[in-house]
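Work through the exercises below with the model open beside you. Each task is followed by a solution in steps.

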Amino acid sequence: MNDEYWMRQALLQARQAQLHAEVPVGAIIVRDDEIIGKGYNQPITSHDPSAHAEIIAIRDAGQNIANYRLPETTLYVTLEPCVMCMGAILHARIKKLVFGATDTKRGAVCSALQLSHADFSNHHIEWTGGRLEQTCSEMLSAFFRERR
């Protein structure tokens, strides 16, 4: 299975967020061609500002494999992670990150900040952006258009 297949799985999570009137961002964590963690944005419904899709997926994966470290995993997320999520991704020792849409205002991989290979970090992450970017971007744009 390839990055596009897994990103489509992350998009299914984003649709769950959308159904709950949350910003439609979804994430999955894959190890050995198996989803070990999944999540979607839920800060509004959970009254938790840290309940981003990536954080939920990391927590789910950690519980599923009984480890707070997630080496040899790939995180697929529909939007470029923010600073908080990049911190969690680095602490979890996720090996690879694949995201869809860039976030020019808050993205912390390659847009507003570049934390994937920050000098102060003892873990660096491989990353690829732009997987199914148009689909991911359109989902977000449609959500915000409906809100305005």
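A residue counts as exposed when its relative accessible area is over 50%, and as buried when that area is under 20%. The model is predicted.

**Exercise 1. Positive phi**

Task: Find where A66 and H47 lie, and decide whether each is buried or exposed.

Solution.
- Step 1. Place A66. This residue is in the loop between α3 and β3.
- Step 2. Apply the cut-off. A66 has 71% relative accessibility, so A66 counts as exposed.
- Step 3. Check the backbone. Most residues other than glycine have a negative phi. A66 departs from this, with a positive phi near 55 degrees.
- Step 4. Repeat for H47. This residue lies in the loop between α2 (43-46) and α3 (53-65). H47 is exposed, at a relative accessible area of 72%. Its phi is also positive, at about 55 degrees, although H47 is not a glycine.

**Exercise 2. The hairpin**

Task: Describe how β1 and β2 pair, and what the turn holds.

Solution.
- Step 1. Take the strands. β1 covers residues 26-31 and β2 covers residues 34-40.
- Step 2. Get the direction. The two strands run antiparallel and are joined by six bridges.
- Step 3. Fix the register. A27 stands opposite G39 in β2.
- Step 4. Look at the turn. Two residues separate the strands of this hairpin. D32, in the turn, has a positive phi of about 50 degrees.

**Exercise 3. The strands around β4**

Task: Work out which strands β4 pairs with, and why β4 is largely enclosed.

Solution.
- Step 1. Start with β3. Five bridges link β3 and β4, and the strands run parallel. V77 stands opposite F99 in β4.
- Step 2. Trace the connection. β3, helix α4 (residues 83-91) and β4 form a right-handed β-α-β unit.
- Step 3. Go to β5, residues 126-128. Here three bridges make the join to β4, again with parallel strands. V98 stands opposite T128 in β5.
- Step 4. Judge burial. Of the six residues of β4, five are buried, so the strand is largely enclosed by the rest of the structure.

**Exercise 4. Two faces of α5**

Task: Determine which residues of α5 are buried, and where they sit around the helix.

Solution.
- Step 1. Check the geometry. α5 (residues 133-147) has 15 residues and reaches 21 Å from first to last C-alpha, close to the expected 21 Å.
- Step 2. List the buried residues. They are C136, M139, L140 and F143.
- Step 3. Look down the axis. The buried residues of α5 fall within an arc of 90 degrees, so they line one face of the helix.
- Step 4. Recall the helical repeat. An α-helix has 3.6 residues a turn, so residues three or four places apart point the same way.
- Step 5. Turn to the other face. Q134 and R145 are exposed there, away from the buried side of α5.
- Step 6. Name the partners. The buried residues of α5 pack against α1 (3-19), β3 (74-79) and β4 (96-101).

**Exercise 5. The buried side of α1**

Task: Find which residues of α1 are buried and what covers them.

Solution.
- Step 1. Compare spans. α1 has 17 residues and reaches 25 Å, close to the 24 Å expected.
- Step 2. List the buried residues: D3, W6, M7, A10, L11, Q13, A14 and A17.
- Step 3. Place them. They cover an arc of only 160 degrees around the axis, which puts them on the same side of α1.
- Step 4. Find the cover. It includes β1, β2, β3, β4 and α5.

**Exercise 6. A cysteine pair without a bond**

Task: Explain why C82 and C85 are not bonded.

Solution.
- Step 1. Set the limit. A disulfide needs two cysteine sulfur atoms within 2.5 Å.
- Step 2. Take the distance. The closest cysteine sulfur to that of C82 is in C85, 3.7 Å away, too far for a bond.
- Step 3. Count for the structure. It holds zero disulfides.
- Step 4. Add burial. C82 counts as buried at 16% relative accessibility. C85 is buried too, at 0%.

**Exercise 7. A loop residue**

Task: Locate T104 and list what it touches beyond four places in sequence.

Solution.
- Step 1. T104 is in the loop between β4 and β5.
- Step 2. At 62% relative accessibility, T104 counts as exposed.
- Step 3. Leaving out residues up to four places away in sequence, T104 touches S111 and A112.
- Step 4. The C-alpha atoms of T104 and E80 are 8.8 Å apart, with the two residues 24 apart along the chain.

Key
Residues are numbered from 1 along each chain as its sequence is written. This is a predicted model: local features need pLDDT of at least 70, side-chain atom pairs count only at pLDDT 80 or more; totals for chains, interfaces and linings use all residues. Side-chain values use heavy atoms; hydrogens and water are left out. The expected span of a helix is 1.5 Å times one less than its number of residues. Buried means under 20% relative accessible area, exposed over 50%, partly exposed in between (1.4 Å probe, protein chains only). The arc is that of the directions from the helix axis to the C-beta atoms. Contact means heavy atoms within 4.5 Å. Two strands pair if DSSP finds at least two bridges between them. A crossover is right-handed if, with the strands pointing away from the viewer, the path from the first strand over the helix to the second runs clockwise.
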